[in-house]
Amino acid sequence: MYSVGMDTDSKVYFSTATIMIRIPTGVKVFTWCINLLETATYSTTPLLWGALFIWLFTLGRVTGIVLSNASVDLMLHDTYFVVAHFHYVLSMRATSAVIMGSLHYWPIFTRLYHSDFIVYVSSLLFCFSVNRVFFPIHSLRVEGMPRRYVNYSVLIASTNKFIGYSLILTIISTVILLVSLKTFLGSFFVLNIDYKSSSEWAYRFPSKWHS
């Protein structure tokens, strides 16, 4: 938006309005962290994905504040910094939220349970590898890599190789997570103690309407 040729006053207005977003988003991050610290929570796989969601949300918010500055955005526009920002905000954060909700509510809806060990392994591997994929992309902009390219310089080949190897680990962790879904069938109608603390488990299955 800043690169289309709008006047300076409009750039100042939109830049200020966008930067102000950091206030409510910062409040959300601190309330989430305080809620985790002040509440007696159990170490479950959905909680692990919730912590990953907070990390991705915070990092995406910080890079978004950088892009909200009109003068900085003109330099970062159409570079790999924007690619990294959007993947942190839209792709990985949305994915972690979907997986977090699925791991928590799928047993409640179906009474089918996953293997905690397999999900823990895949979750930790995913958290490690996915950040190794997208975090170095920020530095690719500093090295001059554009958003759309045909071929890039050999000077940034090492960073792209590192990202490629990390992507392989991400795919492996995703496959392990999908394999854990198969274990749902092996634990049919087996009560999992880890979820007893949740209020949703106080109702019968399937849950009645308006319960």
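Okay, let's start at aspartate 78, which sits in the loop between α4 (70–76) and α5. Helices here are DSSP runs of H or I with at least four residues, strands are E runs of at least two, and both are numbered from the N terminus. What you're looking at is a predicted model, where local features need pLDDT of at least 70, side-chain atom pairs count only at pLDDT 80 or more, and totals for chains, interfaces and linings use all residues. Residues are numbered from 1 along each chain as its sequence is written, and side-chain values use heavy atoms, with hydrogens and water left out.

So what is odd about the phi of aspartate 78? Aspartate 78 is not a glycine, yet its phi is positive, about 60°. For background, most residues other than glycine have a negative phi. Aspartate 78 is also partly exposed, at 29% relative accessible area. On that scale, buried is under 20%, exposed is over 50%, and partly exposed lies in between, with a 1.4 Å probe and protein chains only.

Now the whole chain. We have eight helices and zero strands, so from the N terminus on you just read α-α-α-α-α-α-α-α. Of the 211 residues, 35% count as buried. Take the contacts with a separation of 6 or more: 79% of them come from residues 24 or more positions apart. Contact, by the way, means heavy atoms within 4.5 Å.

On to the packing around α3. Helix α2 (residues 22–38) packs on helix α3 (residues 45–68) at about 160°, and the axes are 11 Å apart. Those axes are lines fitted to C-alpha atoms, for helices over the stretch in contact, and the angles run from 0 to 180 degrees between N-to-C directions. The two helices are therefore roughly antiparallel; that label takes angles over 145 degrees, while under 35 is roughly parallel, 65 to 115 is roughly perpendicular and the rest is oblique. The crossing of α2 and α3 is left-handed, meaning the near helix is turned anticlockwise from the far one by less than a right angle, with clockwise being right-handed.

Who makes that contact? From α2 we get Arg22, Thr25, Gly26, Lys28, Val29, Trp32, Cys33 and Leu36, and from α3 Leu47, Phe53, Ile54, Phe57, Thr58, Arg61 and Ile65. That's nine nonpolar, three polar and three charged residues. The nonpolar class is Ala, Val, Leu, Ile, Met, Phe, Trp, Tyr, Cys and Pro, the charged class is Asp, Glu, Lys and Arg, and the others, Gly among them, are polar.

Trp32, Phe53 and Phe57 turn up again, since ring pairs link them into a cluster. A pair here needs ring centres within 6.5 Å, for Phe, Tyr and the six-membered ring of Trp. The whole structure has six aromatic pairs.

Next, α3 against helix α6 (residues 116–134). Their axes come within 10 Å and cross at roughly 10°, which makes α3 roughly parallel to α6. Thr45, Leu48, Trp49, Leu52, Trp55 and Leu56 in α3 meet Asp116, Val119, Tyr120, Ser123, Leu124, Phe126, Cys127 and Asn131 in α6. The split this time is 10 nonpolar, three polar and one charged.

Helix α5 (residues 80–110) is where methionine 92 is found, and serine 96 is in α5 too. Is serine 96 buried or exposed? It's buried, at 0% relative accessibility, and leaving out residues up to four places away in sequence, serine 96 touches Trp49, Leu52, Phe53 and Leu56. Methionine 92 is buried as well, at 3%. With that same sequence filter, methionine 92 touches Leu56, His87, Val130 and Phe134. Methionine 92 and asparagine 131 are 39 residues apart in sequence, and 9.4 Å apart C-alpha to C-alpha.

Last stop, valine 175 in helix α8 (residues 157–186). Valine 175 is partly exposed, at 45%. Serine 122 is 53 residues away along the chain, with 8.3 Å between the two C-alpha atoms.

Conventions
Rings of Phe, Tyr and Trp (its six-membered ring) pair if their centres lie within 6.5 Å; planes under 30 degrees apart count as stacked, over 60 as edge-to-face and the rest as tilted.
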